[in-house]
Amino acid sequence: MSVTAAQGFTAAGIAAGIKANGNPDLALVVNHGPRLSAAGVFTSNRVKAAPVHWSEQVLRGAAVSAVVLNSGGANACTGPKGFQDTHATAEKVAETLGADFNAGEVAVASTGLIGVLLPMDKLLPGIETAAAALSADGGEAAAIAIKTTDTVHKTATVSQGGWTVGGMAKGAGMLAPGLATMLVVLTTDADVDSPTLDRALRSATRTTFDRVDSDGCMSTNDTVLLLASGASGQVPAYEEFAEAVRTVCDDLARQLIGDAEGASKDIRIEVIGAASEDDAVEVGRSIARNNLLKCAIHGEDPNWGRVLSAIGTTKAAFDPDRLNVAINGVWVCKNGSVGEDRDLVSMKDREVRITADLSTGGESAVIWANDLTAEYVHENSAYSS
């Protein structure tokens with residue numbers, strides 16, 4: 001049930017007419033408490049959409065009673081009018097939900113085409129429709145309503161000890177740190193304060209969403225929110241709670257990669273033997289963004305030379321004569337030179353595993369990427385984004 005798996009939350013997803021095709025395009029998630037704890041992380045892009053600026057301000061108050069999300073328009077690079085529209089959206093949500101709600105506790109998120117104002121004559125009445133449709137079973141409808149080029153909606157839940165963490169996500173393109181082009185709402189009925197939510201969320205996103213690097217393109221709208229209602233009355237140990245949040249984030253991140261635009265392969269890049277975690281991440285990102293390698297993977301060609309050339313562009317500590325590379329478990333490169341027979345590598349499955357051993361230290365990191373396909377090019381030339 002996605003964001004409504006946890007007690008204390010209702011949600012809805014409706015078609016407000018923002019999308020020309022008539023598909024669902026407006027979602028509303030409401031926290032009924034008794035807690036209104038919240039935390040959020042956002043895009044590190046210096047060009048930020050109006051709803052990102054708004055929601056960053058809301059999160060400074062550490063309380064969120066509702067989140068309204070739209071697809072069909074990013075409301076990014078829309079100037080003062082775009083911010084005014086975001087403010088009006090939050091005001092409308094608070095007005096519609098009643099006296100216990102105020103705009104300063106309403107987060108707003110948008111996704112879609114950059115540089116186009118939202119049709120407020122459709123969005124604002126849509127908020128009334130969504131509010132009337134709020135339900136404890138509305139999580140799936142909300143997840144469907146935030147899709148853009150996604151082919152499937154994305155949800156995940158973890159329940160234990162009488163409390164639950166649930167979440168929904170959208171994202172299929174512009175998938176690169178920080179966060180990937182995605183909107184994510186996570187909810188929990190655990191009794192957790194905002195500083196603890198913030199700590200757990202940042203720890204989780206660091207090794208999940210921040211390590212999804214499908215196409216090297218960073219969005220203006222990335223938003224990940226974690227809300228706590230406290231409705232279960234359970235106060236979990238921090239480590240237990242943080243691991244549940246990480247598990248949900250990891251599940252959703254894998255779903256993002258699995259639905260990436262035009263992709264035919266999911267590439268798991270594990271860098272081992274690094275002098276530091278930062279080195280491992282830098283090398284993993286360089287491999288993930290090597291278009292020649294991504295094309296080779298699409299063609300099922302275990303071209304390990306392209307892995308080494310990507311490693312060589314980084315500032316990581318390594319000796320070129322000690323580098324080792326495995327593709328799907330076959331060590332095709334040993335000590336910077338020819339290793340096992342590349343004909344032993346089978347790349348027929350959807351998932352391709354690349355292991356890069358820097359032979360320098362004990363740190364590691366995993367980055368997820370996709371192959372580069374003609375379908376990806378077609379989708380991103382036909383869809384203005």
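This is a short dialogue on reading the fold and the salt bridges of a predicted model.

Student: Which helices and strands should I look for, and how many of each are there?

Tutor: The protein chain has 10 helices and 15 strands. Its radius of gyration is 22 Å, close to the 21 Å that the globule rule gives for 385 residues, so the chain is as compact as a globular protein of that length.

Student: What share of the residues counts as buried?

Tutor: Of the 385 residues, 55% count as buried.

Student: How many salt bridges does the structure hold, and what is the idea behind them?

Tutor: Side chains of opposite charge can pair when their charged atoms come close. The structure holds 17 salt bridges. In one of them, Glu 277 pairs with Arg 206, with the closest N and O atoms 2.8 Å apart. Glu 277 lies in helix α7 and Arg 206 in helix α5, so this pair ties together parts that are 71 residues apart in sequence.

Student: Which other arginine forms a salt bridge with Glu 277?

Tutor: Arg 211 does, with 2.6 Å between the closest N and O atoms. Arg 211 sits in the loop between α5 and β9, 66 residues from Glu 277.

Student: Are Arg 211 and Arg 206 buried or exposed?

Tutor: Arg 211 is buried, with a relative accessible area of 9%. Arg 206 counts as partly exposed, at 42%.

Student: Where do Glu 243 and Arg 246 lie?

Tutor: Both are in helix α6, 3 residues apart, which means that about one helical turn separates them. Their side chains meet in a salt bridge of 3.0 Å, N to O.

Note on methods:
Residues numbered from 1 in each chain as written. Predicted model: local features only at pLDDT ≥ 70, side-chain atom pairs only at ≥ 80, totals over all residues. Heavy atoms only, no water. Helix = DSSP H or I, 4+ residues; strand = E, 2+ residues; numbered from the N terminus. Rg over C-alpha atoms; globule rule 2.2 N^0.38 Å. Buried < 20%, exposed > 50% of the residue type's maximum accessible area, 1.4 Å probe, protein only. Salt bridge = Lys/Arg side-chain N within 4 Å of Asp/Glu carboxyl O.
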